[in-house]
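Here is a short tour of one protein model, written for someone who would rather be at the bench. Have the structure open beside you and follow along.

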Amino acid sequence: MQSTSGAAGKRIALIIAGLGALVLVIAAALGFFRSEPRQSSVPGDAAGSETASAGEHDYDVIIRGGDVFDGTGSKRRVADVGIKGDRIVMVGSIPADASAGKVIDARGKMVAPGFIDPHSHAAPGITTPELAAAVPILFQGITTVMINPDGGGPADLREQTVPIQKNVPGVNVVPMIGHNGVRRAVMGDANRKPTPAEQKRMEDYVRAAMQFGAFGFSSGPFYIPGKYSNTAEMVALAKVAAQFPGSFHISHIRDESSYDIGVINAVRELIQISREAKLPGIVTHMKMLGPSVWGKSKDAIELINAARAEGLSIWADQYPYSASGSGLQPALVPGWAQEGGSEALAKRLQDPEQRALIRKEMVQNLERRAGPNAIMIRRYEPDPSVEGKRLDEIAKPRNQHPLDTAIDMLIKGGAPIVSFNMNEKDLEALMKQPWMMTSSDGGLVKFGSGSEHPRAYGAYPRKLRRYVLDKGVISMEQAIHASAGLPATVFGIRDRGFLRRGAFADVLVFDPKTIRDTATYDKPHSYSVGMVHVFVNGQAAVTDGKVVPKRYGRLLLKER
């Protein structure tokens, strides 16, 4: 027979055990012991061909059975993609009974990393509430844009990034610090070398921007005021950027045609800057502009390959169009006459002697642009009726020479243009290179405003449709690598551009049967089609071909 104290002890033990079991049941119901998908301990560790056990994972999204392109350029494979939170947690085989908040049947579709645009004029549009959603960008499958190309943007990035964060962008935004913005803040549009004090101030601006989180340094010595810089000035600024790990120099080179030093020497200048500053160099929106340099892509390719063989990190990007976009002023007006900007130029053009001198030099520049029929006006506030028309078409009813029509327009502030000046053979030769990335050079404007370049709506789908699926210039694997994994690597955009476990879930599902651009030069305001689903940071930004109201992009600042 047990003692009273022993019986009491047993009852207490039973009560404690019962309470413990109850706690375990409650904890399980609340999900405290739910198994989380394991992520690679090494950033960028490829998922490989993995199989998830049913019940081991809990996904927010499962994309099933699509042709998966991982962004590395490796051969496509049929696989599933699992997303939880803002990350990819599985690329491989996910059991049929695995649960998810959303399951997408991607059979017959292509699944790829979100595209990264290294040359985007999304700013200033993306800083505004009206355009922050970046709808035409999302419809192209672009989930990350790099802003302030061509040396543009403000000298102080904080004034630009505050409204981007406030309005929440529809896509991720990567800021760069631009040479032209910095030079203008210190020297205005002066046509001269900087003083030592001015050079130091420019370097201080670049250093402050890099410390703030700019990913790299952009330049555009084709445009004023960068046109008035020499190589030594840009090397000194690039050296400041090079002090920050992972930085780079991306440039709208000094001459893409035969304006002054010529396109080949301009590529040489970029290579020289990389060699002396010891950082990667990128020829942005690379092209052979105008009949005088058609065919020189062969020389440019050989030059870049030689620099790479030397051990330099030289790359390029391009948009898939044979027409460029610029402005009447930089396209036609000699550099010396642009000093002081558009207002100073307007005054010079109203002086008969100055006008005659400027016009004389504009003759050859118009030839470089393949003549007046090759220039189309995109926007012109003084007379919107000329938007979408060619320069010779505008001049004819005025009984003017097209150059005089252009001068009249320059006096009233000028106009952005589409310039039909490239050769398809050069474009395709450059596209085939393993160091060539995709870009758009596209703006972000109100739908229907002006005669925008169609690249703002269609660059990436156009490359997939025209140059991959229709013409077979490059493979789909190379096209996606050039649009996602390669720019992520070159520009150091961590954990993006690839479909692999641990990467941010910027993911595309598109239909190879319908993917295409619909924007044309005559009707540029037209969204691309074929992007069925677009995820930005794990959230559905495009569902069943429609943009959702909420925005999920982020301002990305470089952590150093």
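## The largest cavity

The residues that line the largest cavity fall into 7 nonpolar, 3 polar and 2 charged. In this split, Ala, Val, Leu, Ile, Met, Phe, Trp, Tyr, Cys and Pro are nonpolar, Asp, Glu, Lys and Arg are charged, and the others, Gly among them, are polar. The model is a predicted one, where local features need pLDDT of at least 70 and side-chain atom pairs count only at pLDDT 80 or more, while totals for chains, interfaces and linings use all residues. Residues are numbered from 1 along each chain as its sequence is written, and side-chain values use heavy atoms, with hydrogens and water left out.

To find this cavity on your screen, look for His 285, Met 286, Lys 287, Met 288, Gln 318, Tyr 319, Tyr 321, Met 422, Asn 423, Asp 426, Leu 427 and Leu 430, which line it. Helix H14 (residues 424-431) supplies the largest share of this lining, 3 residues. Helices (H or I, at least four residues) and strands (E, at least two) are DSSP runs, numbered from the N terminus. The volume of the largest cavity is about 80 Å³.

## Cavities across the structure

Searching the whole structure turns up 4 cavities of 30 Å³ or more. A cavity here is a set of points, on a 1 Å grid over the protein atoms alone, where a 1.4 Å probe fits but cannot get out; lining residues have an atom within 4 Å of a point. Grid points are joined across faces, edges and corners, and the volume is the space filled by probe spheres set on the points.

The second largest cavity has a volume of about 70 Å³. Of the 14 residues lining it, Tyr 223, His 252, Glu 256, Lys 287 and Gly 325 lie nearest its centre. Strand E15 (residues 323-327) contributes the most to this lining, with 3 residues. By class, the second lining has 4 nonpolar, 5 polar and 5 charged residues.

## Salt bridges

The structure has 30 salt bridges, each a side-chain nitrogen of Lys or Arg within 4 Å of a carboxyl oxygen of Asp or Glu. One of them joins Asp 204 to Lys 200, with the closest N and O atoms 3.0 Å apart. These two are 4 residues apart in helix H5 (residues 196-212), so about one helical turn separates them.

Arg 379 and Glu 452 form another, at 2.8 Å between the closest N and O atoms. This pair links distant parts of the chain, 73 residues apart: Arg 379 is in the loop between strand E16 (375-377) and helix H12 (391-395), and Glu 452 in the loop between strand E18 (436-438) and helix H15 (455-470). Glu 452 is buried at 4% relative accessibility, whereas Arg 379 is partly exposed at 28%. Buried means under 20% relative accessible area, exposed over 50%, and partly exposed in between (1.4 Å probe, protein chains only). Elsewhere, Asp 86, Arg 87, Arg 494, Asp 495 and Arg 554 are linked in a salt-bridge network.

## Helix H7

Helix H7 (residues 263-277) has 15 residues and an expected span of 21 Å at 1.5 Å a residue, which agrees with the 21 Å between its end C-alpha atoms. The expected span is 1.5 Å times one less than the number of residues. Among the buried residues of H7 are Val 263, Ile 264, Leu 270 and Ala 277. Right after H7 comes Lys 278, with a positive phi near 60°.

Methods
On a 1 Å grid over the protein atoms alone, a cavity is a set of points where a 1.4 Å probe fits but cannot get out, and a pocket is an open set with protein on both sides within 12 Å along at least five of seven lines; lining residues have an atom within 4 Å of a point.
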